[in-house]
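Here is a friendly tour of how some helices pack and where empty space is left inside. Please have the viewer ready as you read.

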Amino acid sequence: MENLSTLMGKYGEEGDKLLFKILNSGNYLEGMQDQQPGSNNNGNPVSGIASRIPDLTSFTRHISEKGLRYDLTVPFARFVVQHQNELVFPFKRYQIQPVWRADRPQKGRYREFFQCDVDVIGSPSLLYELELIQIIDDVFSRLGIETTTVFNNRKILAGIAEAIGAPEKLTDITVAIDKLDKTGLEKVCLELNERGLSDSAIAALQPVLLMEGRISDKITILEKLFQNSETGNKGIAELKQLLGLIKDLSLSNKWNFDVRLARGLNYYTGTIIEVKANDVSMGSICGGGRYDDLTGIFGLPGVSGVGISFGADRIYDVMNELNKFPDTILHTTKVLFANFGTEEEKFSLKLLSDIRKEGIASEIYPDSSKLKKQLEYASRKQIPFVVLIGKDEMENGLLTVKDLASGEQSRMSREEFISKLKK
RNA sequence: GUGGUCGUAGCUCAGCUGGUUAGAGCGUCAGAUUGUGGCUCUGAAGGCCGUGGGUUCGAGUCCCAUCUUCCACCCCA
């Protein structure tokens, strides 16, 4: 949970709408009855409780001051500022926690989901971008998911807007060109027009929209475009440096540079990264980028950070779809002690505790149900051994051990059984 | 936020242009087998047909509202 003031305005226009707001505690409507009936933002009269409030925006602010975290990066920046005197910079941290978005759930989209964040704050060095890229590659290699990582740089996007004479239209341009592979060139140009971009600016944008092929070719086109754009050239320089570093890594997953990658979170200022799983229709399963001045908003200017976030739930969905979870994940218990009654239970519990001390996962059936039922339980849970201890076994001290895979049953001493399990 | 969609047994679903007692498979429970799982057979339990209203002699079925599910867009993990 965070103060809404911490969260608002950090995620773009859409982001604010997607924040879950929490109602204040206590009698937050106190004093409201004296308010005059009013109107909403459009000047239309409003009724009900809202009519007692001068305007709805201030009403919302009045009843809700806290919200659920939308991501882990912004609260992290807040944390870094609050603890700036105790931290050693560059400060690294990872964090795995749920975040919430007030969105309509659908495939691969949840109202509550876990993010796994890795961030380094306090250095502008591109070496950290490189390390994060290595982490991404390592994580997905180990999980057995084939991915494609796409990079871009916000400075390049800003440079494009600058170069075509519409620097204030940066967001509109990025949102539109992001749709290029979905809707096609014509519709994108139409949308740009609707968003108030001049015909000449759209014409100047054409080479970027039509960009294809090798990275070096793309860079050449951009360099030509950026002749008078300082920001754009800085972006190109960063990109080149990063690409130079990546080339020596020999990553096992695919990667590419794509000017169409936009990313809506508006705190990004440099490198932006997005990872998608190949052969699965799912949104991005990991994303991130560099934010030069996120801490500045909270009172610590001039500190650059870079971070990525893995979407745990989507990664789970992808692994499920691709059958990447090993079957052995279901094999938990090695030994089940059948339960024949109170006396036998006591006897078994001692043994159970001894076997657990040997590091062998084991359990006892919770009540003295029919043996048929207990064996069925073991069978369905794929427990390999069931130990049967009844009157006979208690008297002669030997255990009856049933091997569920073969169905064979034999008597052995406690020590024999343990060494059998440890093989 | 916009558009669409779904809701019937624990689960997956069938139920025709409204018509008597709402079905199947799986699962659960009991038995065949009183200390022996998987396979088989026999039987049983289990339903305010999402909720509220309406039309009708009669509603799981038609109409309205509402909630929920899932999907697409927007956007994103």
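## Helices α11 and α12

In this predicted model, helix α11 makes a left-handed crossing as it passes α12. The axes of α11 (residues 215-225) and α12 come within 11 Å of each other, and the crossing angle is roughly 165°. Angles over 145 degrees count as roughly antiparallel, so that is the label for α11 and α12.

Which residues make this contact? From α11 come Ile215, Ile219, Leu222 and Glu223, while α12 brings Ile236, Leu239, Lys240 and Leu243. Sorted by class, the contact of α11 with α12 holds six nonpolar residues, two charged ones and no polar ones.

## Helices α6 and α7

Another helix pair to look at is α6 (residues 154-163) with α7 (residues 170-178), whose axes lie 9 Å apart at an angle of about 110°. That angle makes α6 roughly perpendicular to α7. Here the crossing of α6 past α7 is right-handed.

On the α6 side, Leu157, Ala158 and Ala161 take part, and they meet Leu170, Ile173, Thr174 and Ile177 of α7. The contact of α6 with α7 has six nonpolar residues and one polar residue, with no charged ones.

## The largest cavity

Now for the empty space. How many cavities of 30 Å³ or more are there? The count is two, and the largest cavity has a volume of about 50 Å³. Its lining is made up of Ile133, Ile136, Asp137, Thr147, Thr149, Leu251, Asn253 and Lys254. Two elements, α5 (127-143) and β6 (147-153), each give two or more residues to this lining.

Helix α5 supplies the largest share of the lining of the largest cavity, with three residues. By class, that lining divides into three nonpolar, three polar and two charged residues.

## The second largest cavity

The second largest cavity holds about 30 Å³ of space. Lining this cavity are Phe151, Asn152, Asn153, Glu238, Leu239, Leu242 and Thr271. The elements giving two or more of these residues are β6 and α12 (230-247).

So what is the make-up of this lining by class? The second largest cavity is lined by three nonpolar, three polar and one charged residues. Leu239 is worth a second look in the viewer: this residue lines the second largest cavity and is also part of the contact of α12 with α11. Strand β6, for its part, contributes to the lining of the largest cavity and to that of the second largest.

Note on methods. Residues numbered from 1 in each chain as written. Chains lettered and ligands numbered in written order. Predicted model: local features only at pLDDT ≥ 70, side-chain atom pairs only at ≥ 80, totals over all residues. Heavy atoms only, no water. 1 Å grid on protein atoms, 1.4 Å probe; cavity = no way out; pocket = protein on both sides within 12 Å on 5 of 7 lines; lining within 4 Å. Points joined across faces, edges and corners; volume = space filled by probe spheres on them. Helix = DSSP H or I, 4+ residues; strand = E, 2+ residues; numbered from the N terminus. Nonpolar A, V, L, I, M, F, W, Y, C, P; charged D, E, K, R; others polar. Axes fitted to C-alpha atoms, helices over the stretch in contact; angles between N-to-C directions. Parallel < 35°, antiparallel > 145°, perpendicular 65-115°, else oblique. Left-handed = near helix turned anticlockwise from the far one by under 90°. Contact = heavy atoms within 4.5 Å.
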